[in-house]
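I opened the model with a short list of things to look up. My entries follow in the order in which I made them.

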2 protein chains.
Amino acid sequence: MRKKTSSEQTAAPVEAGQAAPVTDDRVRRSKAAVLAVTADLLFERGYSGVSVDEIARRSGVAKTTIYRHWPNRADLLRDACAHVGTPLTTPDLGSLRGDLTALMADFSQMLTTARWTSVLPSIIDAGERDAEMAEMYRRLQQGYSAPFETVIRRGMARGELPAETDVPALVAALTGPLFYRRWFSREPLTEGFVREIIRIALG
Amino acid sequence: MRKKTSSEQTAAPVEAGQAAPVTDDRVRRSKAAVLAVTADLLFERGYSGVSVDEIARRSGVAKTTIYRHWPNRADLLRDACAHVGTPLTTPDLGSLRGDLTALMADFSQMLTTARWTSVLPSIIDAGERDAEMAEMYRRLQQGYSAPFETVIRRGMARGELPAETDVPALVAALTGPLFYRRWFSREPLTEGFVREIIRIALG
DNA sequence: ATGCTACGATACGGTATCGTAGCATAAATG
DNA sequence: CATTTATGCTACGATACCGTATCGTAGCAT
């Protein structure tokens, strides 16, 4: 019966039937609104440019209420960062090269279009000085390397790669250049570039 | 006759003999002290954590004087960032693989030990929202990719690489994985990893 | 002696920010 | 209807920060 707001990000996994909602529906609404606006502000201004006052103004949720749900600014921002990002789908097309081509295209597409990628240096920087933030980021990062490991291991199982392949190194060889282009050299992430990286990595 | 302070960073190129020092020696001293302390603070707290008041406190240079030399905080920080970093030496050992091995070792060594690398995400983040900062960073970045391009082109000239080699892509394939490990996956940057990356990139 | 240049010390105006207190209000629950 | 719960609103206190203004001084050259 309850109208689900667009995001279920903050919901803890709930046993299906017997509800007994420990938190009011209003809570979920407030939290969702706050998290959404926080993410927007993160994209616009980066981690250190986001203020709680501005979140309150823009979300329509009173600052008081925000502090009723998060103990402080850092926790709120970490929470928002944790739900940033869109998951990669893991392809399964039968061949290593096919899977990697699809995955790399997906990934580079995300790097170039998704708004939230602009805030990643900000998050990493925060993690450079905040252990909890670093841990949060680590989980985020793993979500993106996991599909690569999966398709690589499948390729190994099919004998398309030698059994002694260094998987983390291969993941680095594939995704590293994309990160590099996006944030360090700032050259365009073209389709041709991605193809070239795959060619180099797989021979 | 003038006693040179440790750093000549801020000095404009000066015609050798007839001096006529447009800036006092005191100026050089103040600026050097301020830039040094600013760099330290950048390493500790990142771009947005540095305040002019703190720079003044720690350097012993009055805030007034700081604002006599830089128009505002952003310019000061950009100036400090521009002089951060240590240059790579370009090896010339006669073979592509030898040059790249030396260069990559040098580079990964720097990524893991140099204090200033911890502030790079901060700089990049600032660049996401500040054009001048982005331009400053671009020059910094080019200083590090240039040696790679040089040794690769020399290798091409020697016929160790096909003439149609995509140089920027190869640079990305080599350095990207190092960046990736240092900032994104945070796995250790071991010698074995570097060797593996070279093997993948050169076959 | 007289400038000139650069600097230091202090204080200030104005703004932004975090996090909290007090009180009123709307809605769900019994 | 009464009670509990979650929220809204306004106003603070405290701190930090930017950038400037004012006044006084030290060193050096003429």
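Below are my notes on the fold, the pairing of the chains, the two DNA strands and a few single residues.

**Ground rules.** This is a predicted model, in which local features need pLDDT of at least 70, side-chain atom pairs count only at pLDDT 80 or more, and totals for chains, interfaces and linings use all residues. Residues are numbered from 1 along each chain as its sequence is written, chains are lettered from A and ligands numbered from 1 in the order in which they are written, and side-chain values use heavy atoms, with hydrogens and water left out.

**Fold of chain A.** I looked up the secondary structure first. Helices (H or I, at least four residues) and strands (E, at least two) are DSSP runs, numbered from the N terminus. Chain A has nine helices and zero strands. Its pattern along the sequence reads α-α-α-α-α-α-α-α-α. I then checked burial, where buried means under 20% relative accessible area, exposed over 50%, and partly exposed in between (1.4 Å probe, protein chains only). Of the 203 residues of chain A, 47% are buried. Next came contacts, meaning heavy atoms within 4.5 Å. Among contacts in chain A between residues at least 6 apart in sequence, 63% join residues at least 24 apart.

**Pairing of A and B.** I superposed the copies by least squares on the C-alpha atoms of residues with pLDDT of at least 70 in both. A turn of 180° and a shift of 0.0 Å along the axis lay chain A on chain B with an RMSD of 0.1 Å. The two copies are therefore related as by a two-fold rotation axis. I also compared the interface residues: 100% of those in chain A are interface residues in chain B too, so the copies meet through the same surface.

**Annotated region.** The UniProt record, an unreviewed entry, places a "DNA-binding region" at residues 51–70 of chain A. UniProt positions are given in the numbering used here, feature names are shortened, and annotations may be inferred rather than shown by experiment. In the model, residues 51–70 of chain A are 75% helix and 0% strand. The end C-alpha atoms of this stretch are 14 Å apart.

**DNA strand D.** Which residues come nearest to DNA strand D? They are A:Thr64, A:Thr65, B:Val52, B:Lys63 and B:Arg73, out of 20 residues around the strand. I count a residue as near if one of its heavy atoms lies within 4 Å. Sugar and phosphate make up 58% of the atoms of strand D that come within 4 Å of the protein. I then listed polar contacts, pairs of N or O atoms within 3.5 Å; within protein, one must be able to donate a hydrogen and the other to accept it, and residues adjacent in sequence count only if both atoms are side-chain atoms. A:Ser30 has a polar side-chain atom 3.0 Å from a phosphate oxygen of strand D. A:Ala62 uses a polar backbone atom, 3.1 Å from a phosphate oxygen of strand D. B:Tyr67 has a polar side-chain atom 3.0 Å from a phosphate oxygen of strand D. H3(A) gives the largest share of the surface near strand D, four residues.

**DNA strand C.** I repeated the search here. The closest of the 20 residues around DNA strand C are A:Val52, A:Lys63, A:Arg73, B:Ser30 and B:Thr65. Of the strand C atoms within 4 Å of the protein, 59% belong to sugar or phosphate and the rest to bases. A side-chain N or O atom of B:Thr65 is 2.8 Å from a phosphate oxygen of strand C. For B:His69, a polar side-chain atom lies 2.9 Å from a phosphate oxygen of strand C. The largest share of the surface near strand C, four residues, comes from H3(B).

**Helix H2 of chain B.** Its buried residues are B:Val52, B:Glu54, B:Ile55, B:Ala56 and B:Ser59. They pack against helix H1 (25–45), H3 and helix H4 (73–82) of chain B. Just after H2(B), B:Gly60 takes a positive phi of about 80°.

**Single residues.** B:Ser122 sits in helix H6 (residues 120–129) of chain B. Is B:Ser122 buried or exposed? It counts as buried, at 3% relative accessibility. Beyond its neighbours within four places in sequence, B:Ser122 contacts A:Asp125, B:Gly46, B:Tyr47 and B:Ser48. Last, I looked for unusual backbone angles. Most residues other than glycine have a negative phi. A:Arg186 has a positive phi of about 60° although it is not a glycine. A:Arg186 lies in the loop between helix H8 (167–185) and helix H9 (191–202) of chain A. With a relative accessible area of 36%, A:Arg186 is partly exposed.
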